[in-house]
Amino acid sequence: MYIRQLKVERKLSIAASQQALGGQAKAKPKVKAKAKTKAKKSLKSPKGKVAAAAWSQSHAGPHSVYAHSKPRVAAVKESAKVQRPRRVREEKDGSQYKILQQTIQSNLECFLFLQQPEKAERLLLLYHSSPAKRKLLNVNAYNIVMRSWARKGCLQRINRLFSMLESVGLRPSLDSYAAALECMGRSQSSTKAIWRCVQQLKNDGFHVDELFQKCLFEEDEKEKVLRAIRIVQPNYQLPPPPNPQTCKSSLLQDFYSKEKLVSYPKLDFSVQELQERFQQQLELELDSTVTIESVESTKPVTPQAIKARKLLATLRSRWHDSILQALQKSKHNMSQLKTVSGYNILYPYLCLLPDEEYVGIMLQILNTFSPQGESLAVLARELGSKVYNRYITQRKLRSRQLEKVQEVYEDYIHLLAKDSQPDEYLPREYWEKLVAEAGFGPSLNLKDCSWPYMLLMRLGMHMLELLVQAVKVPRNILNPRLEHKLIPVLYHIYSFRSSWQVGLIKPHPIFSQIVSDAAETLLTFNSSAIPMLCPPVPWTSPHFGAFVLNDTRLMRFVDGAIQHQLLLEQCPPVNLHPVLDALNQLGNCAWKINQPVLDIIISIFNDKGNEKLDIPPPISEAPRPPAAPSNSSTWNKSQKQEVLLYKKKTAEMHSLRMDALYKLSIANYVRDKVFWFPHNMDFRGRTYPCPPYFNHLGNDVTRAILLFAEGRPLGPKGLDWLKIHLINLTGLKKKSALQERLEYANEIMEEILDSADHPLTGRKWWMNTDEPWQALACCMEIAKASRSPDPAAYISHFPVHQDGSCNGLQHYAALGRDLIGASSVNLMPCNVPQDVYSAVAQQVEEFRKKDAEQGVKVAQVLQGFVSRKVVKQTVMTVVYGVTRYGGRLQIEKRLKEIDEFPEEYLWEASHYLVKQVFNSIKEMFSATRDIQNWLTDSAKLIAQSGRTVEWVTPLGLPIVQPYYRSSSTVLNCGMQNLSVKNSSSNQKPDTVKQKNAFPPNFIHSLDSTHMMLTALHCLRRGLTFVSVHDCYWTHALTVDVMNQICRQQFVALHSEKILQDLSEFMLEKYCRYSSPVGKPPPLSFPPTPIPLPGVVVPRCSRVVSSAWGLLWREAVLPS
Amino acid sequence: MLAGRAPPGAAGCCRRFLAAALRPLLCGLPSCWATARRAAGQWPSPSLRVPEAAEAERLVQQVQRTGVPLRRFIACPQLARTVQRCLQGGASPGPQPVLLECAPGPGILTRTLLNAGVRVVALESNSAFLPNLQTGYCIQISSTETNFIQSLENSLDGQLKVIYGDFFRLDPLTGTVKPPAMCSDKLFETMGVAAVPWRADVPVRIFGILPQRKERNTLWRLLFALYECNSIYRYGRVELNIFISEKEYKVLTAKPGEARAYQALSVLCQIGCEIQLLHMEPWSSFVTNLKNGGLAVPKSMWLPNDHLCLVRLTPQQNLFTRGLKPTNSATFIFMVKQCLAKPKSRLTDRLNSWSLDNGGKLQRALEIPKNAETRNLYPEDYRRLFEALQNSNMFTETWFHDEVLESIRNINL
């Protein structure tokens, strides 16, 4: 029976694998394991028991050769069609299963890290011996235990584990053999034993070379394995590194073509200097936190503050001791605990670091408490992830991965340093080359060791409970008249928000009082919050890049979501090259601080702040608390209201103030340094700098203090660009052509120079602009440039911005080849900039007039109320898929703001207007709505069939929408039950979100693609380039070139058959065979209303000749 | 057809109200109330025609405009009679207080009540229903003057008054008061009801069906008003007769130990009022204003929810004796909510987590077992706990007050 089944299955699998062309059949170990577990029953051959023998035993016999080798072939092929069984499996298993499995593995990893193979094995046996629990184990779990024994050289134990694998019908994986061989290399086993092991490896369908190509090694594992291999094959040579592949995307043919290679631009640093900076960065990250002086430290210290600081110091040392005690006590209790499972699940995680480190983490959290408190869940996650990050750092140290990174990096900087030979490599290519040359040593990627989200939370909760328990303060510390009693510093309270409740931890007012009295001026940050002091490590894979030590993800995602990571892992590495190269390019831009502007900002910040200039005032500037009777129980309603308002205001002020304090303090910390922002991206490919507080995506204030570290002469048109940039920042002359803006700037030159020379004492022209701080910085730059003897030769570090206009609609207009639409969003050449919002308002007004004449009541009522302002938000959000429902609410809000508008018509009028806005947009962007509808419908069908919407950007980045029907698991913790949402891939997609978010996400993936294309081509032309989504920055000298590239790339991107490709991709992915989950979605591809690019070539070519209007300016600018 | 003294053309009201829908309708101010003229209970029975259920349904469907939230109506004359009997049942002899009917909609119950001789104030939030309520039998109140626009008015002698307003949007906390939202003092002034001391008899009775989407929220707001003697409760112990979903009724009346049902709301409601179940009616007996005529029965996972329950909530006469006062009741509410946020937590832990002083001693004094879980305490226990805490000055900790204030804001917004 079994055999017949097996045969059928094999046939099926072979057929499937042939269909799948067998290419890319390299399945992940996990995937394999799954496929295997499914097939395990059928694989239990009668000879299985005999095969329990291992190579070190003398009676090797015929053993498992047959039993293993044949099915192995099937399994290899099976991996090609692995998609299907896995899906079924996952559907069945539920998320609990996966979390448990992950938890077991990370627990085993802990024991491996702690070098406690006995404990690891005991845990494994616990599951292995119970038939029910055994299902949770896959071959990876066994491998981890094998590795811990291999490190000790205990071959016997590894043999036993092999037989255990055998007995449950699991097949050893490549990693199992790697562990065995490592152990043999370590313990000098006999040639015969090694020979047998290698033989069985081959019988299992593996190749010795694969060990070195696919396995990840730590410490000296690789050397030991090689040693073992060389005992049986003395002449064995490591397989040559795979030839670097080149991306084949047609959009980047030029970029990657070998003929047109140019050398990578050099930084203005010598090798020596870069090495020193790398050392600084490394030390920073090794400390994991950095404590810096805040910008407030220049204020004089009051005697009261000195007293409070002393008090705080004593308290802290007391708290340190009591936390340490509590931690040790709880660890002791855990280790004593004899539960059924024989161990406490959290215990190993509390042993990974020295106790002092846990205490340090907890004290650090205590220092950051704001008087308003913080939600339990946030605190727990933060504590948990801090422990995790330090553990990862420790692992990198232990596995000697860091050493290797250091070695490679030292060579790598030769690519960037000015005093070394120019090289025609991209950073990623160069890094890969160096790694390949280095050969030996640990792998740069760590084996997957992420902790399940639930575990992170549980660990965090445990630490939080310790903290709440242990930290106490004498009640009478501020008021000696009270009796002495220790009370907790932190208390736990619920806050009720309509139907749900949130647990908060709040500091006792006594504590907040001391902290505010002390006015401490030291701030502690995670080292990843500070910009890097050396060029970032280039991204070479989804796991590796950015910071030296801090774990950074290539793609940001919400906690617990793993779909993106899986997708990136499965994607052939070469497809990711363009994206990685673009991120490296953005991250390699060196920055410095605009010191004069920073000094002015700090002086205002340390004085009284200025809300109009976006410098948050200190709390001391808050309005006085309302005078009310001291006994608050007698307050009447209005007094309560007043107090509430006051409290709300101070809370807001506090958070704004802290945010600005962080930004300015970090800026001040790096004021004399050159620094870098490593980049990563969100799931749509939009790029972001990693350091969270201070970066160029920030507000006006932060942008104003950033300059390119590299300077370039202004060139002939640079000064004009600076002036135009200034006018753009003011928000004036929005409807004028560039030439007019330039003329206007020249007219007000006197004001500009006055602002630059006397920013705080002069006429303060700059203060009344849209972006005052950037305007001020620009004024200063213009003043310096215009006063230099030769402005064209003036070296400028100033970034000039070029902004897209309603960028989403630009992409829609180009996708749909809408001429009218295209010109209204400045995709067509035109003398003056177009304003799409006014155009829509105009169109709506026309419709309204017609209706009013025909006696439509609501149209008559609306006379004189249709304006740009009323429709703006709706037009803007049309791109992001706003529905009639949402659009109506937006318009209703605007109409409500108009006092004269009769309220009883609100609903009707907004309903009417949203209809007209949509009609107008349809008129102007005839295809936009059709494209949106098609995208929405497809997404709906896909989601309804139980799958998530996926697509691939024209640059090859795979994207999956991470929206699932949330199910939450309740974590039972002593203090409070935490409901944790989990969004693992086993869940059903959230149809509404999948559907509504698809059009905007798709458009965002296009705009990110365009940005990356522009970034890469700017690199080839030697430009400095950074972006804030659709706003591109470069030197004044190179604005014209950047504009040209930007336009070319927009045209190139939209000359691709984007929609057709999408349609084909979806048909292939979702409609090829009936998915086991449900019916295949009856997608109607290609959609009828979509004018496919090929069809409208004539119009297309017209658009092409003038597209990407953000730069129509160039044509108008005098040359 | 129309019996008795129905005004000419009343039969055509269904058609006429549509034309009249745009007539300016404002919440009224001046009162021309006929209380002085006639003693209650002496009304001649006008025996108005009560439309059949189908007719009422049609009316609801016609009136319904898009953008109006889900509402439930009494359309069936039989149900109306049941409700009328429930409302009148158990009434003490002597003059009866006026009955405020919230959101009467098609007015089936209104007519039934009038026929039974009850003095009714109809408070309707959808202006489209007003003409139907008014043209037939009632006064229309405008901002400038009170018009007795129909002869029926005089003959009914003010037995009915129709006001444009929304009971469930009384006394909004923020923003300006735009009709149909309104202030309770305006409402009571229009009704001609004056405030009476707390311990006095019920000054006014209110009937309504709680809007389903905000059911829980409305209950909380009413309770807050009750404990602080705000809003309608400024006028005395206003008696509420409300239809609420069965699951909420179960919560209101739950006893300690009833898992899932026993909540902070149970404690506060049981301390605050006497709860009487007057009647239970299946959901299907009511008409909704949904286009498809669906019932839109809210889902309930753990509690039975097959009926709407007519519940009478009469504020306790002795609520503000002992330690509890309208000024400190917010603290009491806060305490109960905190305790029952996690019903399985132990009271000791809760008290300790607020860094209150000697929780253990207090608990012993109150004879609450050391390991008692908060879900095991009776409402009266909470009241005693509060009084004890109040006496021991524990609530003087400033942070506790801040938290109470915070919680008020969160609930009222």
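Is A:Cys247 buried or exposed? In this predicted model, A:Cys247 counts as buried because its relative accessibility is 12%, under the 20% limit.

**Cysteines**

The count of disulfides over all chains is 0. A:Cys215 takes part in no disulfide, and the nearest cysteine sulfur, that of A:Cys197, is 12 Å away. A:Cys215 counts as buried, at 7% relative accessibility. A:Cys247 is likewise in no disulfide; the nearest cysteine sulfur belongs to A:Cys571 and is 10 Å away. Because a disulfide requires the two sulfur atoms to be within 2.5 Å, neither of these separations qualifies.

**Salt bridges**

Side chains of opposite charge can pair when their charged atoms come close. Over all chains, the structure holds 47 salt bridges, including those in the table.

| Salt bridge | Closest N and O atoms |
|---|---|
| A:Glu109 and A:Arg395 | 3.0 Å |
| A:Arg848 and A:Glu845 | 3.0 Å |
| B:Glu387 and B:Arg383 | 3.3 Å |

A:Glu109 belongs to helix H4 (residues 83–113) of chain A and A:Arg395 to helix H17 (residues 376–398) of chain A, so their salt bridge ties together parts that are 286 residues apart in sequence. Both residues of this pair, A:Glu109 and A:Arg395, are buried. They also belong to a network of salt bridges that links A:Glu109, A:Arg147, A:Arg151, A:Glu218, A:Glu219, A:Glu221 and A:Arg395.

A:Arg848 and A:Glu845 lie 3 residues apart, about one turn, in helix H33 (residues 836–853) of chain A; both are buried. In chain B, B:Glu387 and B:Arg383 are 4 residues apart in helix H14 (residues 379–391), about one helical turn. B:Glu387 is buried at 12% relative accessibility, and B:Arg383 is buried with a relative accessible area of 5%.

Technical notes: Residues numbered from 1 in each chain as written. Chains lettered and ligands numbered in written order. Predicted model: local features only at pLDDT ≥ 70, side-chain atom pairs only at ≥ 80, totals over all residues. Heavy atoms only, no water. Buried < 20%, exposed > 50% of the residue type's maximum accessible area, 1.4 Å probe, protein only. Salt bridge = Lys/Arg side-chain N within 4 Å of Asp/Glu carboxyl O. Helix = DSSP H or I, 4+ residues; strand = E, 2+ residues; numbered from the N terminus.
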